[in-house]
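Visitor: Mind if I pester you about how the labels on this one were earned?
Guide: Go ahead, pick any label you like.

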Amino acid sequence: MKKTILSGSTVTGDLTLGNYIGAINNWKKLQDDYDCLYFLADLHALTVFQDPKVLRERTYSFFAQYLALGLDPQKNIIFVQSQVPEHTELSWILTCLTPLGYLNRMTQFKEKSEKHVKNINAGLYTYPILMASDILLYQADMVPVGEDQRQHMELCRDIVGFFENRYGAGTFKMPEAYVGKMGARVMSLQDPEKKMSKSDENEKNFVSIIDEAKSIEKKIKSAATDSGTEVKFDLENKAGLSNLMTIYSVLSGKTTEQIESDYMGKMYGHLKVDLAELVVETLKPVREKYLDLMKNKDYLDQLMKSGADRARPRAQATVRKVYDAVGLVKS
Ligand code: TYM
């Protein structure tokens, strides 16, 4: 029996190099050897205000971006969260088990409520419970995510504990986070103290995976570095440069030591030029495939439907088990 992998991304902005390097690149590596489910978290997107038209369009766009990045809709179950209603059903049961104190600790809630002061809604607060439902619904063994999702993963594991304490073991598998060694936290290009985020208002801070070559080159070449000259991996003193080296390392397969030795005696500018070229080369076929896929929404609709059809029976089986365990009467 293959182990089950599940992961997803919230449908906001466009996927960035951070999403790719920290998560989707690992999803791709796992797709040959595991039973993988990858979904678009459109319900999670509703925790901040979304223009309905934009959200709908973006859902197609994200689906096409997943495919263009190399996720295979045959090998994996690729689906849209809202098309499998069991996510919200399980979420309610788990909401009734999760103490407020645990939610109060979530750093992402604190950050997001500072950013969206006019819309601190209950969904923003209970977001990690919906995320736990996404994972537990499919009895996932492993969840490949970037560093920023570690705390949510811990909460998910705590929730399994709350459930087992009250109703006994055997309903859910205990999932584990899978965080890559390199690139688990790609930083913003202009402000390397904060993470690269697809919802950043300043476009210079991130490279989107469907950016045009010219724009990628400009963003990488103008990335903030320090005033030093030696190409050396040093997260503390050379955060901007180290971030660029991390991206370089993941995309080229070279270690940071190899990169240091390749650039011995050269300036940061040389590294930036080569990195820009490497990113452009990596993303050029992705953009082409993406633009092609977006011409055929019917095809995307078909794939979405078949993904949801494959995901639903598995979700239903878990919800049935859960309803039974908590004492709800079958209809
Ligand atoms: P999201 O959409 O913010 O990000 C998708 C994935 O990309 C990773 N990531 C990064 N990795 C490295 N560097 C970065 N700068 C960077 N930015 C993002 C994230 O860690 C994530 O793995 N809550 C999730 C979506 C979600 C989910 C789930 C994930 C909903 N339910 C169940 C796994 C399992 C989120 O907003 O990810």
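Visitor: Why is Ile210 called buried?
Guide: Buried takes under 20% relative accessible area. This is a predicted model, and in it Ile210 comes out at 11% relative accessibility, so it counts as buried. Ile210 sits in the loop between β5 (176–178) and α9.

Visitor: What is Ile210 in contact with, leaving aside its neighbours within four places in sequence?
Guide: The partners are Asp14, Gln65, Arg287 and Tyr290. A contact needs heavy atoms within 4.5 Å. There's also a long-range C-alpha pair: Ile210 and Leu15 are 195 residues apart in sequence, yet 8.0 Å apart in space.

Visitor: Tyr290 turns up in α12 too. Which residues of α12 are buried?
Guide: The set is Tyr268, Leu271, Lys272, Leu275, Ala276, Leu278, Val279, Val280, Leu283, Val286, Tyr290 and Leu293. Their cover includes α1 (17–30), α3 (52–68), α9 (213–221), α10 (239–252), α11 (256–262) and α13 (297–326).

Visitor: Take Val280 in helix α12. What makes Val280 buried?
Guide: Same test. Val280 has 13% relative accessibility and the cut-off is under 20%, so Val280 counts as buried. Beyond its neighbours within four places in sequence, Val280 touches Ala213, Ile216 and Glu217. Val280 and Glu212, 68 residues apart in sequence, have their C-alpha atoms 8.2 Å apart.

Visitor: How do you know what span to expect of α12?
Guide: Helix α12 covers residues 268–293, which is 26 residues, and at 1.5 Å a residue the expected reach is 38 Å. From first C-alpha to last, α12 spans 37 Å, close to that expectation.

Visitor: Where does α12 bend?
Guide: At Leu283, by about 35 degrees. A proline, Pro285, follows within four residues of that spot.

Visitor: On to Leu90. Why is Leu90 called buried?
Guide: Leu90 has 1% relative accessibility against a limit of under 20%, so the label buried applies. Leu90 belongs to helix α4 (residues 86–95). Leaving aside neighbours within four places in sequence, Leu90 contacts Ser133, Leu136, Leu137, Phe172, Val319 and Val322. As for Val322, it lies 232 residues from Leu90 along the chain, with 7.9 Å between their C-alpha atoms.

Visitor: What makes Gln139 worth flagging?
Guide: Its phi is positive, about 50 degrees, although Gln139 is not a glycine. Most residues other than glycine have a negative phi. You'll find Gln139 in the loop between α7 and β4 (142–144).

Visitor: Is Gln139 buried or exposed?
Guide: Buried: Gln139 has 17% relative accessibility, and under 20% is what the label asks for, so Gln139 qualifies.

Visitor: Now the strands. How do you know that β1 and β2 pair?
Guide: Pairing takes at least two bridges. Strand β1 (residues 4–10) and β2 are joined by seven bridges, so they count as a pair, and they run parallel. Among the bridges, Thr4 partners Asp35 and Leu6 partners Leu37.

Visitor: And what joins β2 to β3?
Guide: Four bridges link strand β2 (residues 35–41) to β3, again against a requirement of at least two, so these count as paired too. The two run parallel. One of the matches is Tyr38 in β2 with Ile78 in β3.

Visitor: Why are β1 and β2 called mostly covered?
Guide: Each label rests on a residue count: in β1, six of its seven residues are buried, and in β2, six of its seven residues are buried.

Visitor: Which way do the residues of β3 point?
Guide: In strand β3 (residues 77–80), Ile77 and Phe79 point one way while Ile78 and Val80 point the other way, and all are buried. That fits the general rule that side chains in a regular strand alternate between the two faces of the sheet.

Visitor: Last one: how many cavities of 30 Å³ or more are there?
Guide: The count is two. The largest cavity has a volume of about 60 Å³, and that sits over the 30 Å³ cut-off.

Visitor: What lines the largest cavity?
Guide: Its lining is made of Met106, Gln108, Phe109, Lys112, Leu124, Tyr127, Pro128 and His152. Helices α6 (107–115) and α7 (122–136) each supply at least two residues of that lining.

How values were computed. Residues are numbered from 1 along each chain as its sequence is written. This is a predicted model: local features need pLDDT of at least 70, side-chain atom pairs count only at pLDDT 80 or more; totals for chains, interfaces and linings use all residues. Side-chain values use heavy atoms; hydrogens and water are left out. The expected span of a helix is 1.5 Å times one less than its number of residues. The bend at a residue is the angle between axes fitted to the seven residues ending there and the seven starting there. Buried means under 20% relative accessible area, exposed over 50%, partly exposed in between (1.4 Å probe, protein chains only). On a 1 Å grid over the protein atoms alone, a cavity is a set of points where a 1.4 Å probe fits but cannot get out, and a pocket is an open set with protein on both sides within 12 Å along at least five of seven lines; lining residues have an atom within 4 Å of a point. Grid points are joined across faces, edges and corners, and a volume is the space filled by probe spheres set on the points.
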